[in-house]
Amino acid sequence: MRAADLDVHELLHFFPEGGLITFAGERVLLLDAVALGLLRKELIETLGFTAARMVLTRFGYAHGWRVAETLRQGFPWDSEDEWRAAGARLHAIQGIVRAEITRTSFSPAGPVAEGIWHDSYEAEQHLLHLGQADEPVCWTLTGFATGYMSCVYGKEIIAIEDRCRGKGDAVCRAVVRSKEEWGTELETHLP
């Protein structure tokens, strides 16, 4: 199977009696983006910007790791590369973001990738509820990419967003590298 073959019509199942929806064989919940945007606003107002970022990034990490495990076990992939690419495809199917990978390479320490995120629900919701930020705000997306890629490669892979529509940039852009490849540049992002 190829990542491009993933189809929402085959992945999403509603049970006739209600109360249960599955996606790729796992129970899911349908939540609207505005509800998640309001949660973001409440977290920032209650806990502060840094703590809210920590919570949402960890949530994204757990989501990414779990999706990687589910996709690994549940589908007959043509190759490891197809499994790696499936996370981005799944995010597009779910309406979270559309990822465009602009560069990939491999070093002895692990993968290096860059990509553009189009139509990020997170940037959209941050702008809607909180206005323009001073730094990137796609925290669950970076957490997801970090968790997914860490599971796939079996080592710490870190995604950092360096451009974001939520802070006024034209697009959201993420860079993915192994923890070793980031070096001291990573220190401000780890908390």
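These legends walk you through close-up views of a predicted model.

**View 1. The largest nonpolar core and its best-connected members.** This core holds 24 residues, and L6, L11, L71 and Y148 touch the most other members. Two or more residues come from each of α3 (49-74), α4 (80-93), α6 (139-153) and β6 (157-163). The biggest contributor is α6, with six residues.

**View 2. The surroundings of L6.** Leaving aside neighbours within four places in sequence, look for M1, L11, F75, W77, A86, R89, L90 and I93, which are in contact with L6. Elsewhere, a second, separate core of 17 residues includes Y121, V137, C138 and L141.

**View 3. Helix α5 from end to end (residues 121-130).** Here the buried residues are Y121, E122, A123, Q125, H126 and H129. They pack against α2 (33-47), α3, α6 and β7 (172-178). At the start of α5, the backbone nitrogen of E122 lies within 3.2 Å of a side-chain oxygen of S120. Just after the helix, you will find G131 with a positive phi of about 80°.

**View 4. Strand β5 (residues 110-118) and its partners, β4 and β7.** Nine of the nine residues in β5 are buried. Strand β4 (residues 98-107) runs antiparallel to β5 and is joined to it by nine bridges; a hairpin links the two through two residues. To get your bearings in this pair, find E100 opposite I116. Six bridges join β5 to β7, also in an antiparallel arrangement, and there V112 of β5 stands opposite R177.

Methods. Residues are numbered from 1 along each chain as its sequence is written. This is a predicted model: local features need pLDDT of at least 70, side-chain atom pairs count only at pLDDT 80 or more; totals for chains, interfaces and linings use all residues. Side-chain values use heavy atoms; hydrogens and water are left out. A nonpolar core is a set of buried Ala, Val, Leu, Ile, Met, Phe, Trp, Tyr and Cys residues joined through side-chain atoms within 4.5 Å. Buried means under 20% relative accessible area, exposed over 50%, partly exposed in between (1.4 Å probe, protein chains only). Helices (H or I, at least four residues) and strands (E, at least two) are DSSP runs, numbered from the N terminus. Contact means heavy atoms within 4.5 Å. A polar contact is a pair of N or O atoms within 3.5 Å; within protein, one must be able to donate a hydrogen and the other to accept it, and residues adjacent in sequence count only if both atoms are side-chain atoms. Two strands pair if DSSP finds at least two bridges between them.
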